[in-house]
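Here are a few worked exercises to try with the viewer open. Have a go at each one before you read the solution.

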Amino acid sequence: MQKPLPRPIAAALATVLAGSLAACSFEPPLRVPQAPPDKTPYTAGASIKQTVAPGGPAGHAQEIEYGKELHEDWWKLFHSTALDELIAAGLKNSPTIAQAQAQLKQAQATARANSSIFYPQITGNLQANRSKSSSAAFGGSGGFHYSLITGSVGVSYYPDIFGVNRLVYRNSEALVKYQQWELEAARLTLTGNIVTTAINEAATEGQVRATLAIVAQEKKLLELTENQYRAGAIGYVNVVNQRSQLATEMATLPALEQQLAVYRHELAILVGDFPANARRQLFTLEALQLPEKLPVSLPSQLLKQRPDIRAALAQMRAANAVIGEARAQFYPTVQLSAAFGATASHPGLFFNPASSIWSLVGAMSQPIFEGGKLEAQKAEAHAAYDVVYAAYRSTVLSAFDQVANALRAVEHDAQTLAAQREALQAAAQALQLAQASYRAGASDYLTLLTSEVQYDNARIAEIKAESQRYQDTAALLVALGGGWWNKKEPQAHTTSAPQNSHSDAGTLPVTQANP
């Protein structure tokens, strides 16, 4: 009968076998939808290249530059120092940014903890024991005392034969990437909300100013109407109608001022401050400059530039690693351990060679029957991947929808503003003619009142159209991803595994099918 190999040799052979199989992995190829070709337009119909020029303030044409790089701080295209300062404060103090940063640190710590499985685990033990034993079990009487001192260093190692350890690390590494992109998405969302709220505040402030000017004008007309009534030129009903028109205009002020307060409070919250500390200097549309050139990324580049798309891709990588983990659970797990130390009854004998002790252990476990649990876990992992796969597709479609809508909005906003300014000019001219005719007694008060209402509505509509042009321009820049890829700020790194890790590559993977 052949003698078994000595345990040290068997352990060494097991280590060699583990190393030879370390490259084995059950992670399937990543299945990702194919990126759209760059020739594919964002919008239905002809692509927009340049908007009309409405004229007046913020009335120049905007040129769409396809394939151009976006500014790293996209909000600076509006050339507002006050806006730049507000966004800087928001990025520094916002609790949503702080929360995303903390979640990233948590994911990085988890990845570092999971990377420790690639290395041997070394543990030191020291035990001192003083005992008394009875000799009655051996037919004697009395007992005896003895001391025992034991010290050892133990080493345990889990060879990654089927790549389970690496799959666990890839999952945690992908989750770190996910949190990195979630942090970038939080920054983009915050800056977009600040710009949008600031524009809303500027538009509301413009409506307040316009309404105050209209009220002042209505008061003058009321005074003129009362004088004409006293002179017997008109009836009292005209005075009542003018007072009603004045009261109607003044009634719109409280609602506008309330909305203005809401925007100011919201800006304070966005920068991480209390509403009571809201800035007192209001934004105005005149202080903003509408970007004349709008860089628009190509469709294939949009997938790399949108933080939410990159985050969804990282979730797919994490779910793909979980599939590999579930498949690897069907195969054996191996543990190698060794210990070396000494045990003695007296401290002086602890380092005597005769007191040395050692052990080498190799252990392997293989699932045999678990009532279908492993198959269910594998099916669950595949279903979880299908969930994030569908979520990725939904995120991509939503991103393209936002860009397409923003492009059409930029085009139509210019047309709307041009029409509103033409309507305002016509209403102003009609009001001047009606006022002159009314003073001369050539027309009745109803004609004047109708001209007033038309002018008031046209003036407010022009302010709304102008602010909407700013809003949709900002929405387009946000929908394109915000330009973070041009920043020189270094990305946070995870703890690297001993071998090449599965990272979030810069290019989008091609479509592949799961086996």
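The exercises below start with the whole chain and then move to helices and single residues.

**Exercise 1. Get an overview of the protein.**

Keep in mind that this is a predicted model. Start with secondary structure: there are 9 helices and 6 strands. Next, look at burial: 41% of the 515 residues count as buried. Then take the contacts between residues with a separation of 6 or more: 84% of them link residues 24 or more positions apart. Finish with the surface, which comes to about 27,200 Å², with 57% of that belonging to carbon and sulfur atoms.

**Exercise 2. Work out how α5 is oriented against α4, and then against α9.**

Two numbers do the job here, since a pair of packed helices is described by the angle between the axes and the distance between them.

Step one: find α4 at residues 164-230 and α5 at residues 236-270. Their axes lie 8 Å apart, at an angle of about 160 degrees. Angles over 145 degrees count as roughly antiparallel, so α4 and α5 are roughly antiparallel to each other. As for handedness, α4 passes α5 in a left-handed crossing.

Step two: turn to α9, residues 445-479. The axes of α5 and α9 come within 11 Å and cross at roughly 10 degrees. The cut-off for roughly parallel is under 35 degrees, so that is how α5 and α9 run relative to each other.

Step three: list who meets whom. On the α5 side you'll find Asn238, Asn241, Gln242, Gln245 and Glu249; they meet Tyr445, Leu449, Glu452, Val453 and Asp456 in α9.

**Exercise 3. Is glutamate 27 buried or exposed, and which side chains does glutamate 27 make polar contacts with?**

First locate glutamate 27: the residue sits in the loop between α1 (7-20) and β1 (63-66). Its relative accessibility is 16%, so glutamate 27 counts as buried, given that the cut-off is under 20%. Now check the partners of the side chain. One polar contact, at 2.4 Å, goes to the side chain of arginine 170. Another, at 3.4 Å, goes to the side chain of asparagine 320.

**Exercise 4. Describe the surroundings of two other buried loop residues, serine 355 and phenylalanine 162.**

Take serine 355 to begin with. Look for it in the loop between β5 (333-344) and β6 (356-365). Its relative accessibility of 10% is why serine 355 counts as buried. Skip the neighbours within four places in sequence, and the residues in contact with serine 355 are Gly341, Ala342, Thr343, Ala344, Leu349 and Phe350.

On to phenylalanine 162, in the loop between β3 (143-157) and α4. With a relative accessible area of 17%, phenylalanine 162 is buried. Now measure across to threonine 333: the two residues are 171 apart along the chain, yet their C-alpha atoms are separated by 8.3 Å.

**Exercise 5. Find what there is to say about arginine 230 and histidine 79.**

Arginine 230 belongs to helix α4. At 58% relative accessible area, arginine 230 is exposed. Its side chain makes a polar contact of 2.9 Å with the side chain of asparagine 227.

Histidine 79 is in the loop between β1 and α2 (81-93). Its relative accessible area is 53%, which makes histidine 79 exposed as well. Then check the backbone: phi is positive at about 55 degrees, although histidine 79 is not a glycine.

Key
Residues numbered from 1 in each chain as written. Predicted model: local features only at pLDDT ≥ 70, side-chain atom pairs only at ≥ 80, totals over all residues. Heavy atoms only, no water. Helix = DSSP H or I, 4+ residues; strand = E, 2+ residues; numbered from the N terminus. Buried < 20%, exposed > 50% of the residue type's maximum accessible area, 1.4 Å probe, protein only. Contact = heavy atoms within 4.5 Å. Areas by Shrake-Rupley, 256 points an atom, 1.4 Å probe, with all protein chains shown as cover. Polar contact = N/O pair within 3.5 Å; in protein donor to acceptor, adjacent residues only side chain to side chain. Axes fitted to C-alpha atoms, helices over the stretch in contact; angles between N-to-C directions. Parallel < 35°, antiparallel > 145°, perpendicular 65-115°, else oblique. Left-handed = near helix turned anticlockwise from the far one by under 90°.
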